[in-house]
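Hi,

Here is the structure I promised to pass on. Have a look at it first, and my notes on its rings follow below.

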Amino acid sequence: MMYSFLAPADKAAVAKAFAFVNERELAYMVFYLVLFRNVCAHGERLSSHRAYSDMPDTALHAKLKLPKKGQEYACGKRDLFGCVIALRYLLPSSDFLAFKRRLSALIERYLRDNRAVGRAELYAAMGFPDDWKTITRYHM
């Protein structure tokens with residue numbers, strides 16, 4: 001909310017700290033991340049949460065060749081993978097790589113410890129494409 005209340009010049013100054021997004025994209029991404037932060041803060045299930053608002057289309061959606069349903073991307077729009085995309089844009093590369101390693105380890109541990117849920121089912125619930133780890137191959 002604080003970002004949304006800033007004067008336009010201040011929003012521009014904040015957005016300049018993020019090399020790969022403009023003011024409008026930053027506002028959308030922060031809002032989207034807040035939706036998922038609220039899920040965590042209220043102890044709800046994060047993995048299968050669907051936001052009521054779309055993550056904006058990004059160049060990464062296209063570079064990752066995410067599947068589409070009609071004109072809309074099938075993943076990375078209202079799901080947890082949208083958060084991963086937003087963080088790829090907003091975190092420094094080294095921080096994102098550390099995040100990706102930790103997330104990958106958590107997913108692998110969950111799959112190892114919970115045999116009732118398979119990789120495909122978990123990825124589908126989270127909105128992750130099978131090759132989600134390739135997200136760091138693409139330059140911003």
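A term to start with: a charge sits over a ring if NZ of Lys or CZ of Arg is within 6 Å of the ring centre and within 35 degrees of the ring normal. K11 fits that, lying over the face of Y3 at 6.0 Å from the ring centre. K68 does too, with its charged end 4.7 Å from the centre of the Y73 ring.

Before you go further, this is a predicted model, where local features need pLDDT of at least 70, side-chain atom pairs count only at pLDDT 80 or more, and totals for chains, interfaces and linings use all residues. Residues are numbered from 1 along each chain as its sequence is written, and side-chain values use heavy atoms, leaving out hydrogens and water.

Now the rings. There are six aromatic pairs (Phe, Tyr or Trp rings, the six-membered one for Trp, with centres within 6.5 Å; planes under 30 degrees apart are stacked, over 60 edge-to-face, the rest tilted). One of them is Y32 with F36, tilted at 5.1 Å centre to centre and 45 degrees between the planes. Both sit in helix α3 (residues 23-41), four residues apart, about one turn (helices are DSSP runs of H or I, at least four residues, numbered from the N terminus). Both are also buried, meaning under 20% relative accessible area, with exposed over 50% and partly exposed in between (1.4 Å probe, protein chains only).

F96 and F99 are tilted as well, because their planes are at 50 degrees, with centres 5.7 Å apart. They lie in helix α6 (residues 93-113), three residues apart. F96 is buried at 0%, while F99 is partly exposed at 26%.

Finally, F81, Y123, F128 and W132 make up one aromatic cluster.

Cheers

How values were computed
Helices (H or I, at least four residues) and strands (E, at least two) are DSSP runs, numbered from the N terminus.
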